[in-house]
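Subject: The structure for you to look at

Hi,

Here is the structure I said I would pass on. Have a look at it first, then read my notes underneath.

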Amino acid sequence: MQQVMIPAISDSSAQQIIKILGDTNIFYTLPQIIISIGALVTMMIAAISREERGQVINYITSVFFLFAGLVSSVWLASLPKGDAFSGMVSSDLFSGILNIIYSGSALLIILVAHSYFRNRGRYIQELFPLIQFAVVGMMFMTMANNLIIVFLGLEILSVSLYVLAGIDNMDTRSNEAAVKYFLMGAFSSAFLLYGIALVYGGTGSTGLREIAAYINNKSIWQNIYIPAGIILMLIGFGFKVSMVPFHMWTPDVYQGAPLMITAFMSTAPKAAALSAFAKILISMNLEPGSSIMLTNLIGVLAVVTMTVGNLMALNQNDIKRIMAFSSIAHVGYLLIAVCIMNREALAALIFYFCVYTIMNIGFFSLLSLLARDEDRNLTLEGIQGLGKSRPLLGLFLLIFLFSLSGIPPTAGFAAKFFIFNTAIENKFYLLAILGILNSAISAYYYLRIILYAFIREPESGSIDQWSQIKLNAACFVVIFVTAAAVLEIGIVPGYIIDLGKKAIQFL
Amino acid sequence: MNFSEYAWLIVFSPFIGFLINGLVGRKFSEKTIGLIGSLASTLSFVISVLIFFQYSALSQKAPIQIDLFKWIVAGGINVSIGYQIDSLSLVMVLVVTGVGSLIHFYSIGYMHGEKGFARYFAYLNLFMFSMLNLVLGNNILLMFLGWEGVGLCSYLLIGYYYETDYAPTAGKKAFIVNRIGDFGFLIGIFLIIQNFGTLNFTELSTVVAKGTSVGNDTIFWITLMLFVGATGKSAQIPLYVWLPDAMAGPTPVSALIHAATMVTSGVYMIARLSFLYVLAPETMAIVAFVGGATALFAATIGTQQNDIKKVLAYSTVSQLGFMFMAVGVGAFTAGIFHLVTHAFFKALLFLGSGSIIYALHHEQDMRNMGGLRKKLPVTFFTFLMGTLAIAGTPFFSGFFSKDEILWKVFNYSSLLFWMGALAAMLTSFYMFRLVFMTFFGEMRYHEHGGHHVHESPAVMTVPLIILAVLSVFGGFMGIPHVLDVFHVGNYFEHFLSSSVKDSLPIVFGTKEEWGTMSLSVIIAIIGFTIAYVIYLKKKYVPGDDSTIKGYKKVIYNKYYVDEMYERTVISGTIRISKTVYEYFDKLVIDGIVNGVGKSIRRIGEGIRGTQTGLVRDYMLTMIIGVSIMLVYVLVNKFMMIRL
């Protein structure tokens, strides 16, 4: 057995810091602190230096801070669990891994976004602080031990995302996306807040531990406020992860927002919202029998979500729109794990987050090389002939799409296998079967992209267009690393699965 | 320094060579490509030698396990990518990397000027990688991965001259026939998982040694199914038909894959799983008799072939039969010993024939050769050494190993012994027939257009010389004890004993051992004499294909086995699949698939209308969703109250 090594806290300096800070333990929020500083610094730079030079400085600065945040997340993940701010937030391996996902994905996104926006001919420096604020928000959501903190994190994230969706203020579609997203996001936040209020009313606390102590393995039905509150919170989070029927914003916003923003929105925030909800459910310590209502409900939502996502994707022509529906379908698979609601399923959930983030960012980074004319050429016809004139890019396209549709030996297959396998082991046979049928449907639209890229003859002008693509170093590194990771995890998934299982024990 | 920690490098060094030559090889010169490929293989050899010396110095020869990482964890099955070093795998690794490296160097000369030089070396390295996984893997699944990998490389290399029409066909044939065997192998693996719950060799043998509750019937089926896999890969009856056709590949490939290494993996597999096989005496008997029948049957075909490589191909099938005969009767050590010596002399013979073919510009028909002794002195001399070795001339390597097999078989069954003895006589006959037809007599090759026949370059002749030395002296590592006048002992058997032990009881004494040994010498002389009279004294040269008559025609056409397969299995399969395609696939399956596909798309088209783009519609949907969910909670609540 290959074990994941979790070094005990040996660093005497770290212990000393903990001692000095006492109950506050601000030290456990080190990644948030670093990235917040980064966000503030980049905002200052944006105010001072305009246009291209500022963009470059900002780019380098935010890469530096996000990297520092990533390193500190890794370090915190290796430490034993601990509380900060009088138990309002806590750090453990679970939050550590998710923090790594957030800061890592933001780092990858920024590496690509810089060249993407340069190609788009826009210098938008607000991009950098906003992404970093979003990361801070997500980190608080996962680390939170209190519903108020969860809400706070979610709002930091949401407000950043609203602005990010409309960040290209010259593009009307981007503006439309921002307004739609904001209107509906505000609407859904109300549900979340109302849900929190009901739970507070029902249990007398917003702290997860206090709530757990109150419920204490008794039925959640002791008063109606608790189940109703949980359902309303589910709606609030469901909106963020685009769960059907709260998904309607997704295609419009994903299509309207600039490509790399879409890439960001479709990955880390979903992991944040779902993991926060899963953490709330797990730490509420629900008695298995009393949560049958929830299990059934989430199970139905999972099936509806993946089915609607996949069916809607079939007839789309715009790749960004396809990816929007694809992300809805993936949330459906993730909801299967939430539905099973035990620790093993959470391990599968974490594994799926890792894989989904990696392959999605890889695919979007690849698209960012191809994007022209404010992403309007990213249609099925628009990518004809790519495989023939740029075989290397075609190969990467193939890897990412195979992984998204779950074909071995890619990471996407391992992730789906793990989720469906967990479902079968816990006797959720129907969910597993429907999930597998759905991923069969999904193969159609992913492979259709491959069909257009490889088989269809290119239109006359497009060969020129492909040969003009310059491989930007940062972007290429991101694509290469993600593609390699997709294959590596696909062939040897053991390590990350172990890590996920370990993380769950710490919750 | 503990070299076995670097065992992974043995496996991955050729893989790196494959990556370099496969990805960027086209940009390099032939010399660079050849050196990268050969050095990658040589590095593996050097490490194996170092590990070998360290390992053989150990007093306790326990298997060394090198687990790299966990590969598959599903249900109760836990498979890692891990390697096992013990005496058996070390012997195999030394043969594979040693002979393999020589053939790599030889290929630099032989493949000079061929199109796709880099492709060739990339495949060759990939083959080495797969083969080393096969022999070093510490579990059956990794062995199977290597097993499939070598099959793939064999397919790619047989079809190397893909512009001809026969090479791709031969490649396909090899692949398909092997798939049939692999199917059996897979069933064997599944049965092992089902009954033992582990695929790791060490764990498996521990389970078996403790006394297992698995029934004898099950073990019979497991071992038999695995042997079906072996008949495919190691070209035994009834799945041997692909190997002669596989000669369409470049000659060094025939030497490496289709003589020295890959085709012997079935023998290795049985030796590796000997602890299971000894529990199934019925399977062992089947293995032994299939081996004996193949040895005899292939040897008869070999006597009438005129293509130099075809003779050697049937000879390989026949010699593999000898090895299976040995492992079948429980003389695992003798089987592996013959595997090793065979690797030396058969690689030598193939490379020698390659040298001839190279000199004669791809002429392979022996009827157009003759008298090459003077033109190709080095090739002739080394080839003669190989022939003497395979024919069983006393004190040449083949003598020791073949005699050992015949002696052990004699202890098991006299019928099998006589089959083997007859096959040995035919071996001696067809090999000398080959030598006389190519090297002696008049030169029947017409030199045209200024192309003179001359000896191959040193890069080809040096490997020949090294292999010739090994073929002559290689047998001394396993001296039979009647000849052991200096009491040095049978080193080979002693070394292997830490991982494989013979299960065959020796019932006869020294007298009989002398008897079988003398008999095998006499047999070899008889075979030689017949060949000498017909092909050297009478200077007989077979005529054109159309003039071959009678029993010779039947043998020349390989007993029409290919035609029989064609008429029955192949055309039957085609007819069945055509019927299924017409009536079941087109009507039922396509109907369902297209119907489902169409209706799913139609549903998608339908719900697409909900995406209006208007925020008010979206919010309405949300409200409806929220309402349904809250009503659901209330319904649940009331049901709780009623309960």
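Below is what I found, going from chain B as a whole down to single residues.

First, the ground rules. This is a predicted model, in which local features need pLDDT of at least 70 and side-chain atom pairs count only at pLDDT 80 or more, while totals for chains, interfaces and linings use all residues. Residues are numbered from 1 along each chain as its sequence is written, chains are lettered from A and ligands numbered from 1 in the order in which they are written, and side-chain values use heavy atoms, with hydrogens and water left out.

**Chain B overall**

Chain B has 24 helices and two strands (DSSP runs numbered from the N terminus: H or I of at least four residues for a helix, E of at least two for a strand). Its C-alpha atoms fill a box of roughly 105 × 65 × 55 Å along the principal axes. Of its 643 residues, 56% count as buried (buried is under 20% relative accessible area, exposed is over 50%, and partly exposed is in between, with a 1.4 Å probe and protein chains only).

How much of the contact in chain B joins residues at least 24 apart? Among contacts between residues at least 6 apart in sequence, the share is 82% (a contact is heavy atoms within 4.5 Å).

The domain assignment splits out domain 1 (326–334 + 358–545) and domain 2 (612–643) of chain B; such bounds come from an automatic or database assignment. Taken over C-alpha atoms, the centres of these two domains of chain B are 85 Å apart.

**Where chain B meets chain A**

The size of an interface is often given as the accessible area lost when the parts come together. Here the area buried between chain B and chain A is about 3500 Å², and carbon and sulfur atoms give 74% of that (this is the accessible area, with a 1.4 Å probe, that two parts lose on being put together, summed over both). K70(B), M622(B) and M629(B) supply 20% of the area that chain B buries against chain A, more than any other three residues. In terms of residues, the contact takes 30 from chain B and 43 from chain A.

How many salt bridges are there between chain B and chain A? The count is zero (a salt bridge is a side-chain nitrogen of Lys or Arg within 4 Å of a carboxyl oxygen of Asp or Glu). There are, however, six residue pairs in polar contact, both at pLDDT 80 or more (a polar contact is a pair of N or O atoms within 3.5 Å; within protein, one must be able to donate a hydrogen and the other to accept it, and residues adjacent in sequence count only if both atoms are side-chain atoms).

On the side of chain B that touches chain A, strand 1 (64–74), helix 23 (561–608) and helix 24 (615–642) each supply at least two residues. Helix 24 of chain B gives the largest share, 16 residues.

**Salt bridges**

Over all chains, the structure holds 20 salt bridges. One of them pairs D86(B) with R272(B), with the closest N and O atoms 2.9 Å apart. These two residues are 186 residues apart: D86(B) is in the loop between strand 2 (77–85) and helix 3 (87–110), and R272(B) is in helix 11 (residues 265–272). Both D86(B) and R272(B) are buried.

Another joins E148(B) and R179(B), at 2.3 Å between the closest N and O atoms. E148(B) lies in helix 5 (residues 140–158) and R179(B) in helix 6 (residues 166–196), so the pair ties together parts 31 residues apart in sequence. E148(B) is partly exposed at 21% relative accessible area, and R179(B) is partly exposed at 35%.

**Two buried residues**

N411(B) is in the loop between helix 17 (397–410) and helix 18 (414–439) of chain B, and it counts as buried because its relative accessible area is 9%. The side chain of N411(B) reaches the backbone oxygen of W407(B) at 3.1 Å, and one of its polar atoms lies 2.9 Å from the backbone nitrogen of V507(B).

S318(B), in helix 14 (residues 308–329) of chain B, counts as buried at 0% relative accessibility. Leaving out residues up to four places away in sequence, S318(B) touches residues including T294(B), A295(B) and Y430(B).

Cheers
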